Amino acid sequence: MRKRWLALMTAAAMALAVGACGGDDDDGDANGAGDTTAPAAAETTTTVAGTLEVTEVWARNSPMNATRGAVYMQIANGTATGDALLEASVPAEVAATVEVHETVPATETTDTTMGMGSDTTAAMGTDTTMGMGGSDTTTPGAEMMTMREVDEIAIPAGETVALEPGGYHVMLIDLAGPLTVGDTIDVTLEFREAGTVVVEAEVRETEM
Amino acid sequence: MGLLAATAVGACGGGDGGDGDDGGSAAEAAANETPTLQGVQRTPPLAVGAVTLPDAANAGEDLTMRARPGALLLVYFGYTMCPDICPTTMSDIAVALRKIDAAADVDVAMVTVDPARDTDEVLSEYMGHFFPNSGHHALRTEDEALLASAKEAFGVQSEIEEHAPGTDDYEVAHTAVTYVVDEAGNVVVEWPFGISSDVMASDLGILLEEAA
């Protein structure tokens, strides 16, 4: 009896997670016990609390020696309540640690170098030096980029937030092995309102 | 990402708002049109032809920052532990090369700003992973002065994040721009991070015609 319950929960979680990411992952249903779950069509958007949809989940394939990877996705909050992505995890055989990060200009991090950097995003060839010197030759409009861990990603009510290259991403740390095109990774997401959502990331070369 | 690209293009004044969808003009550029580069250009262009760095993908031999005759050399400063910007850039370049079938005419070099963790082997493998069909170079030096002068020539800044000695889990902030270098050692166009592979392909198409 417990097994069937588990199957139901898993199928429910899978059902709500499988957005447009091409997933008809038919491994979610226990044999024949399946039709008590929410509509299991690939496009389902039902969750317990409302409508939170996670789609386009993908990870970039990695070089052999890479120790880090990134997972991207689209999170659409169709509810009337703001939500937030709090954390993520993957099986240990994929990576040891998972963090949520944001790529940002280096001036936005707390350990910035000297210089209050108020003019770093000016477009017209402003001196973007961070005090490192030799900035005359820096490409106009370019600035140092870095990443920082974030405690949460807010998903405002009615909005879609993209985790995409150059922005937010779920970072996989200490990869157990390279990510190969065609692999799939189960990513468990924790949301403040929607709770636990498991999604399947496709490993691809690029988002296109 | 789009904002960054728009900013960069705005700065050079030559672009069209950076949507990169110029399909027609770049491809059919044959006789009468003057196709426009959409990346950032400077007058005079940066001259980097005097910069040389050891190439771990070529047994440590020095690579000089000039393209082979008839070809182009793309140079990027990054590090392999970077999970987002660097692989995205490498991947975008690879996609651009495939779009115009130019893998044989465009060499790609990455200079590591993190030589402590990016060993010769790691860096070479990284470049081989993204560019199996192009000449690729894994530029690495532990000589801080040499790296600093190379960075300065390109206007690159980088900074290793403060971390406890012995720990291995730090970020490296760095200027994220791809530099397109010609045979004379001039940077003919620059692509700040965020520029699409379509724009790269378009610019490369124009430049390769000029280089041929």
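Which strands each supply at least two residues of the lining of the second largest cavity? In this predicted model, they are strand S5 (144–149) of chain A and strand S7 (172–175) of chain B. Let us start with that space and then look at the rest of the structure.

**The cavities**

Rolling a probe the size of a water molecule over the atoms shows where empty space is left. Here the count comes to four cavities of 30 Å³ or more. The table sets out two of them.

| Cavity | Volume | Nonpolar lining residues | Polar lining residues | Charged lining residues |
|---|---|---|---|---|
| Largest | about 100 Å³ | eight | four | two |
| Second largest | about 60 Å³ | six | three | two |

Take the second largest cavity in detail. From chain A, its lining includes Thr103(A), Met145(A), Thr146(A) and Met147(A). From chain B come Tyr79(B), Cys82(B), Asp84(B), Ile85(B), Glu171(B), Val172(B) and His174(B). S5(A) has the largest share of this lining, with three residues.

Now turn to the largest cavity, which has 14 lining residues. Those nearest its centre are Ser62(A), Pro63(A), Arg68(A), Pro83(B) and Pro87(B), so you can find this spot by looking for residues of chain A and chain B together. Two elements give two or more residues to this lining: strand S2 (68–77) of chain A and helix H4 (120–130) of chain B. The largest share, three residues, belongs to S2(A).

**Where the two chains meet**

How many residues does the contact take from chain B and from chain A? Chain B gives 48 residues and chain A gives 45. Between them, about 3,500 Å² of area is buried, and carbon and sulfur atoms give 55% of this. On the chain B side, Pro83(B), Asp84(B) and Gln157(B) supply 18% of the area buried against chain A, more than any other three residues. Two of these names may look familiar: Pro83(B) is among the residues nearest the centre of the largest cavity, and Asp84(B) helps to line the second largest cavity.

Charged partners also reach across the contact, with a count of three salt bridges between the chains. One to look for joins Arg68(A) and Asp169(B), whose closest N and O atoms are 2.7 Å apart. Arg68(A) has appeared before, as one of the residues nearest the centre of the largest cavity. Across the interface there are also 18 residue pairs in polar contact.

Several elements of chain B supply at least two residues each to the side that touches chain A, among them helix H1 (2–12), helix H5 (144–154), strand S8 (177–181) and strand S9 (187–192). Helix H3 (85–99) is in that group too, and H3(B) gives the most, with eight residues. By class, this side of chain B has 24 nonpolar, 11 polar and 13 charged residues.

**Two details of the backbone**

Finally, here are two places worth finding in the chain itself. Thr43(B) and Pro44(B) are joined by a cis peptide bond, with omega at about -5°. Pro44(B) sits in the loop between helix H2 (23–27) and strand S1 (52–55) of chain B.

In chain A, look for Glu56(A) in strand S1 (residues 52–60). Its phi is near 50°, a positive value in a residue other than glycine.

Terms used: Residues numbered from 1 in each chain as written. Chains lettered and ligands numbered in written order. Predicted model: local features only at pLDDT ≥ 70, side-chain atom pairs only at ≥ 80, totals over all residues. Heavy atoms only, no water. 1 Å grid on protein atoms, 1.4 Å probe; cavity = no way out; pocket = protein on both sides within 12 Å on 5 of 7 lines; lining within 4 Å. Points joined across faces, edges and corners; volume = space filled by probe spheres on them. Helix = DSSP H or I, 4+ residues; strand = E, 2+ residues; numbered from the N terminus. Nonpolar A, V, L, I, M, F, W, Y, C, P; charged D, E, K, R; others polar. Contact = heavy atoms within 4.5 Å. Buried area = accessible area lost by both parts, 1.4 Å probe. Salt bridge = Lys/Arg side-chain N within 4 Å of Asp/Glu carboxyl O. Polar contact = N/O pair within 3.5 Å; in protein donor to acceptor, adjacent residues only side chain to side chain.
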